[in-house]
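User: Please take a close look at one helix in this model and what surrounds it. I would like one connected account.

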Amino acid sequence: MKWDQLEEESCSVARTLAVIGDRWSLLVLRECFLRVRRFEEFQSRLGITRALLADRLKKLVRFGVLRKSPYQESPRRYEYILTQKGLDLYPIIMAIVHWGDIHMVDERGRPKLHEHKKCGKMFDPVMVCSECGEPLQAREVHVHPGPGARRADAARSA
């Protein structure tokens with residue numbers, strides 16, 4: 001697989017990596033979920049070069065994860081707002097947060113806590129089966145070829 005051809009792969013992981021598979025894209029998304037919208041604030045919070053940030057924002061807009069919305073006319077400036085496609089990345093970001101909270105914290109503990117507004121409780125994000133509601137464990141999942149699988153991919157799954 002070539003990096004610039006990932007979006008053409010039949011694998012959903014590879015196609016997703018084409019969009020969010022580098023550290024800066026993930027960190028830009030983290031900031032979006034923390035309600036950052038403006039170029040200068042992204043740059044200030046991330047310490048990223050202007051060119052690299054512009055490239056990542058352009059890519060996220062091209063893939064429909066963010067949309068540009070003008071907030072100033074002279075000079076013309078934009079806010080970057082998560083689309084529904086972007087908001088649907090929240091479970092992925094939270095899964096990364098959860099893994100980091102378990103495996104990458106120091107003796108001080110978690111750097112951020114997450115509160116569910118509906119119930120007012122601090123929570124840990126967990127992935128559950130959409131059918132039975134049980135937590136998912138890797139050893140308890142079997143993968144089958146889907147309708148979008150290419151012939152060679154379906155043969156490898158069998």
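The account below starts with the whole chain and then turns to helix H3 and its surroundings.

Analyst: This is a predicted model. First, the setting. The protein has 7 helices and 2 strands. Along the sequence they run α-α-α-α-β-β-α-α-α. Of the 158 residues, 26% are buried. Among contacts with a separation of 6 or more, 39% join residues 24 or more positions apart. The exposed area comes to about 11800 Å², and carbon and sulfur atoms supply 54% of that area.

Now the helix. H3 spans residues 39-46. Which residues of H3 are buried? They are Phe39, Phe42 and Leu46. Viewed down the axis of H3, these buried residues fall within an arc of 65 degrees, so they line one face of the helix. The spacing fits a general rule. An α-helix has 3.6 residues a turn, so residues three or four places apart point the same way.

What does that face pack against? The buried residues of H3 pack against H2, H4 and S2. H2 covers residues 23-33, H4 covers residues 50-62, and S2 covers residues 77-82. The partners of H3 thus include helices and a strand.

Next, the two flanks of H3. On the N-terminal side, the loop between H2 and H3 holds Arg35. Arg35 has a phi near 75 degrees, a positive value in a residue other than glycine. Is Arg35 buried or exposed? Its relative accessibility is 65%, and exposed means over 50%, so Arg35 counts as exposed. On the other side, Gly47 comes just after H3. Gly47 also takes a positive phi, about 65 degrees.

S2 leads to another backbone feature. The loop between strand S1 (66-72) and S2 contains Pro75. The peptide bond from Ser74 to Pro75 is cis, with omega near -5 degrees.

Last, a surface feature, for contrast with the buried face. Met127, Leu136, Val141 and Val143 make a nonpolar surface patch of about 380 Å². One of these residues, Leu136, sits in the loop between helix H6 (90-103) and helix H7 (151-157). Leu136 has 36% relative accessibility. Partly exposed lies between the 20% and 50% cut-offs, so Leu136 counts as partly exposed.

To return to the helix: Phe39, Phe42 and Leu46 are its buried residues, and they pack against H2, H4 and S2.

Definitions and conventions. Residues numbered from 1 in each chain as written. Predicted model: local features only at pLDDT ≥ 70, side-chain atom pairs only at ≥ 80, totals over all residues. Heavy atoms only, no water. Patch = residues over 30% accessible without salt bridge, like charges linked within 9 Å, V, L, I, M, F, W, Y side chains within 5 Å. Areas by Shrake-Rupley, 256 points an atom, 1.4 Å probe, with all protein chains shown as cover. Salt bridge = Lys/Arg side-chain N within 4 Å of Asp/Glu carboxyl O. Helix = DSSP H or I, 4+ residues; strand = E, 2+ residues; numbered from the N terminus. Buried < 20%, exposed > 50% of the residue type's maximum accessible area, 1.4 Å probe, protein only. Arc of directions from axis to C-beta. Contact = heavy atoms within 4.5 Å.
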